[in-house]
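Here is a short report on one protein model. Look over the sequence and the structure first.

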Amino acid sequence: MNSKLEQKMKDAILDSTTYSGVKFSKSKTLSASGLNDDILPLVLKYRHGLGSQKVIEQNTLGTLLHSGLENAFNGHKDYGVEKSFKMPIGDTGWSLTGHVDLIDFDSNAIIDHKMLKTKKINEIMMMSQPKKKLEDWDDYQWQLGVYKLLAETKYGKTFESYISAFNKETSYFKKDADEVSFRLIPIVTPTNEEVMAKAISQVNEIKKYIDDNNDNEPSQCSNLFFSLKYGKPARPMRCRKFCDNSNHCTYYQKFAYHRKKASASDLLSKLGI
Ligand code: SF4
């Protein structure tokens, strides 16, 4: 294996797919994807910022897909590609930000590209109905709700929201050939007022932990709880794979430390679960 060449290629790919959002600490911005997040990762992001990605992962593939789609739609008269928006969150001193993949100004449509598995695409297809309770809206619906609020405020007109779903599991050679490979799925979102109210409440909650040198952390993320695998506790998927600040999270560090040696029952008692 030519490891020098491999590393050179990895570096080039990581350079071209670096996170385009705000990475530095102390930024008073709430992004569309953070609107429905737990408070703890948002506080950690404010305190520590985001580091550079060192390895090629699933999200790298998603970013590469976005680059290709940018080329596909750039220059077409109907489309606005990779549009960034920012607006104040009430009088909190913070801003709401969003980076919209594609706007079709002819159809007044906001489109977010996602590379997903069949199961998730099937779930998203159910998102064309409004939810009865605020807590039932999915992360994607809040995210698209932010885009809608930002774009409607900027352009003074109404937009419909869509996810353009690319299925990463389909293949010509698969027996199960009736899976969807690409679909534009309409997404119903919370109202603009509900989105703004949620943003204000998130910021007020974050402020409790970042003002006055308060070093406390909000209670652990609701999905830290783990499952047992081969008799040993499996690390929580979200902390391990999707949290950019797990190395700063005391809950996760405590968990990781005890997991090294403890049996499942020891660990449960040490963590007080
Ligand atoms: S490491 Fe886990 S518990 Fe800690 S902030 Fe991240 S997701 Fe939440």
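The text below covers one helix, its packing partners and the ligand site.

**Helix H6 and Ala197**

This is a predicted model. Helix H6 spans residues 192–210, and Ala197 sits in that helix. Is Ala197 buried or exposed? Ala197 is partly exposed, because 14 other C-beta atoms lie within 10 Å. The cut-offs place a residue as buried at 20 or more such atoms and as exposed at 12 or fewer, so a count in between gives partly exposed. Ala197 also pairs up in space with a residue from elsewhere in the chain. Gly90 is 107 residues away in sequence, yet the C-alpha to C-alpha distance between Gly90 and Ala197 is 8.8 Å.

**Helices that pack on H6**

Two packing pairs involve H6, set out here.

| Helix pair | Angle | Distance between axes |
|---|---|---|
| H2 (residues 39–48) and H6 | about 55 degrees | 10 Å |
| H5 (residues 139–155) and H6 | about 110 degrees | 9 Å |

Take H2 and H6, which pack at an angle of about 55 degrees. That angle makes H2 oblique to H6. The crossing of the two helices is right-handed. On the H2 side, the contact uses Ile39, Leu42, Val43 and Tyr46. On the H6 side, Glu205, Ile206, Tyr209 and Ile210 take part. By class, the residues of this contact are 7 nonpolar, no polar and 1 charged.

Now take H5 and H6, with an angle of about 110 degrees. Here H5 is roughly perpendicular to H6. H5 brings Trp142, Gly145, Val146, Lys148, Leu149 and Glu152 to the contact. H6 brings Asn192, Val195, Met196 and Lys198. The contact of H5 with H6 holds 5 nonpolar, 2 polar and 3 charged residues.

**The ligand site**

H2 also has a part in the ligand site. Which elements each supply at least two residues of the shell around the ligand? They are H2, helix H7 (237–242) and helix H8 (250–261). H2 gives the largest share of the shell, with 3 residues.

The ligand has 15 residues around it. Which of them come nearest? They are Cys221, Cys239, Cys243, Cys249 and Tyr252. By class, the shell divides into 10 nonpolar, 3 polar and 2 charged residues.

**In brief**

H2 packs against H6 and also supplies residues to the shell around the ligand. H5 packs against H6 too, roughly perpendicular to it.

Notes
Residues numbered from 1 in each chain as written. Predicted model: local features only at pLDDT ≥ 70, side-chain atom pairs only at ≥ 80, totals over all residues. Helix = DSSP H or I, 4+ residues; strand = E, 2+ residues; numbered from the N terminus. Axes fitted to C-alpha atoms, helices over the stretch in contact; angles between N-to-C directions. Parallel < 35°, antiparallel > 145°, perpendicular 65-115°, else oblique. Left-handed = near helix turned anticlockwise from the far one by under 90°. Contact = placed C-beta atoms within 7 Å. Nonpolar A, V, L, I, M, F, W, Y, C, P; charged D, E, K, R; others polar. Near = placed C-beta within 6 Å.
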